[in-house]
Amino acid sequence: MNDAAPRIPVTLLTGFLGAGKTTLLNRLIRSPQMAKALVIINEFGSIGLDHDLVARSNEDDTIIEMASGCLCCTIKGDLRKTLAEAPWRFARQGKRWFDRVVIETTGLADPAPIIHTVMADEKLKRQYALQSVVTLVDGCNGFHTLEAQPEASKQAAVADRLLISKSDLVDPDELAQLVVRLHKLNPATEPVVLTPDAFDADELFANRVFNPDLKSGDVRAWLNAEAYSGGGQEDHHHHHHDHHHDINRHDERIRSVCLTIDEPLPAEVFDGWLDLLVTFNGVNVLRVKGIINLEELDTPLVIHGVQHIWHPPAILERWPSDDRRSRIVFIVRDIEETELRTMLEFATQSFARTEVIGLA
Ligand SMILES: Nc1nc2c(ncn2[C@@H]2O[C@H](COP(=O)(O)OP(=O)(O)OP(=O)(O)O)[C@@H](O)[C@H]2O)c(=O)[nH]1
């Protein structure tokens, strides 16, 4: 092996649930800097939807999905293996073809173990160089989330690029408060407010190396703590929140529930179902993401709920694969799958009842 070969730059894209990471990735994927990028996407839910939601370039195998759990939990095995094997596994004509790696983490990921793995693993650090940790902060929910979720403030504190999304949905005063809050968390990094038309991919992928020494004492302590957190042999067959060394890594009450619904849903049933959930348990719903087969439509509806905000649903031009089932990921606190299914049944029955009453 040629040790002098340039190391492959890695960009870590993080940010809390629904901050807009996939949206940003979709914009970036068209930039020349990403023409030969290997994209690794990780989702908290066991059915990965992002793979279907990222605008694919012509080559299918440029996007690897790791939906087996949370990246920061399974990191010690899966990500290391994926990165170590990627050059030959994704070789073309016997040669490594990608010149960059972009990793999109789950919204609940603790970035510290991911950063530590890329920077400190003996094998990986010969091949890869962590270039940048880009953290996206939701302009609408960000201020509250930074207070409520330790993962979110950690993501913001470690970043060497902080981007604020959804500026179109908030007034400038709120944005200014968010900027002040971020500055306190991460004084070395100037937050940049994203706008729909302007985007500086050159700056984002500028050639530099992530330097943890420029970070606050807290951040350096988190990263150092990873070096002592079990030597990297964590058994990820455990429940993926089962951290022996840091039980607070995630809020234990947060889980993902993934539902697959075989038959197309009438729009009214679907609306009624989500209304029930939001009205009676909305505070415990952190994220809803789904590809929905509605009876009334030929192509799927993509829905995004981020805390109390429902983004306008989008109708896709075509089904991303042959799978025509509705697939929905709910990231919730203390809500069980049975509760979600029971609400759906109730919505189905009440819709049928309304029809009967309507006829009478
Ligand atoms: N209005 C507006 N909506 C945005 C913006 N960025 C993202 N969104 C919307 O926010 C929702 C969530 O965006 P995603 O890109 O899926 O967020 P994410 O961070 O990848 O979500 P997770 O991977 O589930 O954590 C979608 O409905 C997007 O269309 C923005 O700048 N303005």
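**Exercise 1. Describe the segment that UniProt lists as "domain: CobW C-terminal".**

UniProt, in an unreviewed entry, gives residues 254–348 for this domain. Such annotations may be inferred rather than shown by experiment; names are shortened and positions follow the numbering used here. Residues are numbered from 1 along each chain as its sequence is written. The model is predicted: local features need pLDDT of at least 70, side-chain atom pairs count only at pLDDT 80 or more, and totals for chains, interfaces and linings use all residues.

Next, take the composition. Residues 254–348 are 28% helix and 39% strand. Helices (H or I, at least four residues) and strands (E, at least two) are DSSP runs, numbered from the N terminus. The end C-alpha atoms lie 27 Å apart.

**Exercise 2. Locate the ligand and characterise its shell.**

Step one: count. The ligand has 18 residues around it; a residue is near if its C-beta atom, placed from the backbone, lies within 6 Å. Gly20, Thr22, Gly107, His304 and His311 come nearest.

Step two: sort by class. Four are nonpolar, nine polar and five charged. Ala, Val, Leu, Ile, Met, Phe, Trp, Tyr, Cys and Pro count as nonpolar, Asp, Glu, Lys and Arg as charged, and the others, Gly among them, as polar.

Step three: find the elements. α1 (21–28), β9 (285–292) and β10 (301–306) each supply at least two shell residues. The largest share, three residues, comes from α1.

Step four: place the ligand. Domain 1 (8–227) and domain 2 (254–359) both give residues to the shell, so the ligand lies between them. These bounds come from an automatic or database domain assignment.
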